[in-house]
Protein chains: 2
Amino acid sequence: MDLMNYENLKLFRDVTQMRSLSRAAAANGVSQSAVTQQVQELERAFGIGLLDRANRPLTVTAAGRLYADFCRDVLRRRDEFLVELEQVKQHSLGTVRVASIYSVGLSEMVEIEQEFARRVPSACLEVEYLRPERVYAAVLADEADLGLVSYPEPSREITVIPWRKEEMVLAASPYHPLAGRAQVAPEELKGVEFIGFDRELPIAREVNRFLKDHNIEVNHTLHFDNLQMIKEAVAHRAGVSIMPARIMFEEMAQGRLVAIAIDAPELYRPLGIIHRRKKRFHQVAQAFIALLCESPKPELGLIS
Amino acid sequence: MDLMNYENLKLFRDVTQMRSLSRAAAANGVSQSAVTQQVQELERAFGIGLLDRANRPLTVTAAGRLYADFCRDVLRRRDEFLVELEQVKQHSLGTVRVASIYSVGLSEMVEIEQEFARRVPSACLEVEYLRPERVYAAVLADEADLGLVSYPEPSREITVIPWRKEEMVLAASPYHPLAGRAQVAPEELKGVEFIGFDRELPIAREVNRFLKDHNIEVNHTLHFDNLQMIKEAVAHRAGVSIMPARIMFEEMAQGRLVAIAIDAPELYRPLGIIHRRKKRFHQVAQAFIALLCESPKPELGLIS
DNA sequence: CTTGCAATATAAGCTACTCTGAATTTATAA
DNA sequence: TTATAAATTCAGAGTAGCTTATATTGCAAG
């Protein structure tokens, strides 16, 4: 028999509290017979009487008191557990943990967050901004449900959902010779002073391939591992660079940088949603993915 | 389902410890299928995953860790309970609590205790000497399993097992005129100075009835509520008295009292074992009762 | 990528447990 | 004593959860 089945524990606790089998039976919605059998079975299993039925109302023996205490403690621990569980459920079923690279664009993320909060008010969105490799790590370690990265790379453990393609433009200082142009042809970049990304970054590989495909030799002056530094360098007239248009908005509004369209349709930055291959997504996470995918925001024809 | 069935708790704890359903199954002597079903049922009941089976070896989710902790705590509490229970069992199934009047005779009780210890070495005998009314009270309150009393009186709550009949003799000082006699007839007691028991004691009623039945008028000089005081008074020549022979042994050996048989077969002190009417006796208690009853020690023909 | 192995999941049938309901016994109060 | 409320006993029914057999999945090695 189950010495520790919930019904049993509660039943026995109630019996000792109410000093009556029949009342405990009623209180727990079972027949009196069932309670009798339960207690008898307990006594048989323990090899000692728990109740003294010789007198009425029945009394509890020393062993019975011991068991009643046990019941009380376990039931209390159970309640505690259920409360904790509810909290964890609330958290892990109600929140989406997103790890994102910095350059996804804070302002857009805020918009998405707002829309998500509107649609699923009970949900909680936790966005963490990390360097690309740490985004992958977070997803792999299940510290994030979703990752937002550029140039997403699937692997055995990682699945990619393509998200959007960002227009890449030439970033230049307003004082640069090309600054006034609305568009440039790739060939026009020959020999320009160029600020690039560190080699190992995917975006660097893509940009370099683009340059190579067009037989363009540029003059690499500096390279950094993040966009912010590159923007700074461009603004300080160290050269031009190629980057997603959207992340330059602020600097453009301030007149620190200008964006010049490049006549090269193959030049774009793909963004992707990554997640662990066999991950089961709960309601809320699914809703969030749906939100991301459903409105692939119209590519902003930046200059217009 | 039973969220707290022992097998289940242990099973889940083992699963989380071993990080394997199949090993936990083997360790608990059930099929791997059963474990899968158990865990699935738990997850269904909780409405949240406990294990992450996507990777091998499987990992435990936050909720799973919570439940595993719960399992650990409950199992620990269970062990604790079982230890306590064993102690209580040892005590309440292995000890006989006896409440006895003083005048049952300490020396004989020691003998009985020794014999009992020889027969049931695991047992523990707790003898408590009390005034008669407190013996009844102890039995009623289940503070004693058995009571040893004289002139036992059954009641609704109390059952009597007749135990033995003690010879009653005339107790006198060695200096008393009757001291040399081996036996006296009841009539010879007419007019003697007599030390009696307090009226309300059963023994007083019996002795007085005996005297009245034989039309004997004695000269009541003193009365006490206990034998010890009466013996003292007799030794100090305040008069004679009637009492069980056996309790005078020591004083007789010391030459402080003499016992004289009384030619009256109806004069005896009945001793009885009392217990609560519907009491269930365990092995050890039954053995003790058997010991008491089996050897109704030969009435010691005291003088011989 | 396929293949093989080990772990886990699913399906279906069966066993055994525990509940219910009715009849019986027990404890207490009038 | 009788009347009552309470506890026990017994037999039968429904089902939870096990087992076995089979399918699926995860992972590592060729």
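Start at DNA strand C: helix H3 (32-46) of chain A, along with helix H2 (21-27) and helix H3 (32-46) of chain B, each give at least two residues to the surface near that strand. Helices here are DSSP runs of H or I with at least four residues (strands are runs of E with at least two), numbered from the N terminus, and a residue is near a strand if one of its heavy atoms lies within 4 Å of it. H3(B) gives the most to this surface, with five residues.

Before going further, some bookkeeping. This is a predicted model, in which local features need pLDDT of at least 70 and side-chain atom pairs count only at pLDDT 80 or more, while totals for chains, interfaces and linings use all residues. Residues are numbered from 1 along each chain as its sequence is written, chains are lettered from A and ligands numbered from 1 in the order in which they are written, and side-chain values use heavy atoms, with hydrogens and water left out.

Back to the DNA. There are 23 residues around strand C, and A:Ser33, A:Gln38, B:Gln40, B:Arg53 and B:Lys278 come nearest. By type, the surface near strand C has six nonpolar, twelve polar and five charged residues; Ala, Val, Leu, Ile, Met, Phe, Trp, Tyr, Cys and Pro count as nonpolar, Asp, Glu, Lys and Arg as charged, and the others, Gly among them, as polar. On the DNA side, 61% of the strand C atoms within 4 Å of the protein belong to sugar or phosphate, and the rest belong to bases.

Now for some individual atom pairs. A polar side-chain atom of B:Gln40 sits 2.5 Å from a phosphate oxygen of strand C, and a polar backbone atom of A:Ser31 is 2.8 Å from a phosphate oxygen of that strand. A:Gln37 goes for a base instead: one of its polar side-chain atoms lies 3.1 Å from a base oxygen of strand C.

Next, the protein-protein side. Chain B and chain A put 30 residues each into their contact (heavy atoms within 4.5 Å). Together they bury about 2,800 Å², 68% of it on carbon and sulfur atoms; buried area is the accessible area (1.4 Å probe) that two parts lose on being put together, summed over both.

Four salt bridges turn up across this interface, the criterion being a side-chain nitrogen of Lys or Arg within 4 Å of a carboxyl oxygen of Asp or Glu. One salt bridge joins A:Arg77 to B:Asp73, with the closest N and O atoms 2.7 Å apart. On chain B's side, helix H1 (6-18) and helix H4 (62-94) are the elements giving two or more residues. H4(B) has the largest share, 17 residues.

Conventions: A polar contact is a pair of N or O atoms within 3.5 Å; within protein, one must be able to donate a hydrogen and the other to accept it, and residues adjacent in sequence count only if both atoms are side-chain atoms.
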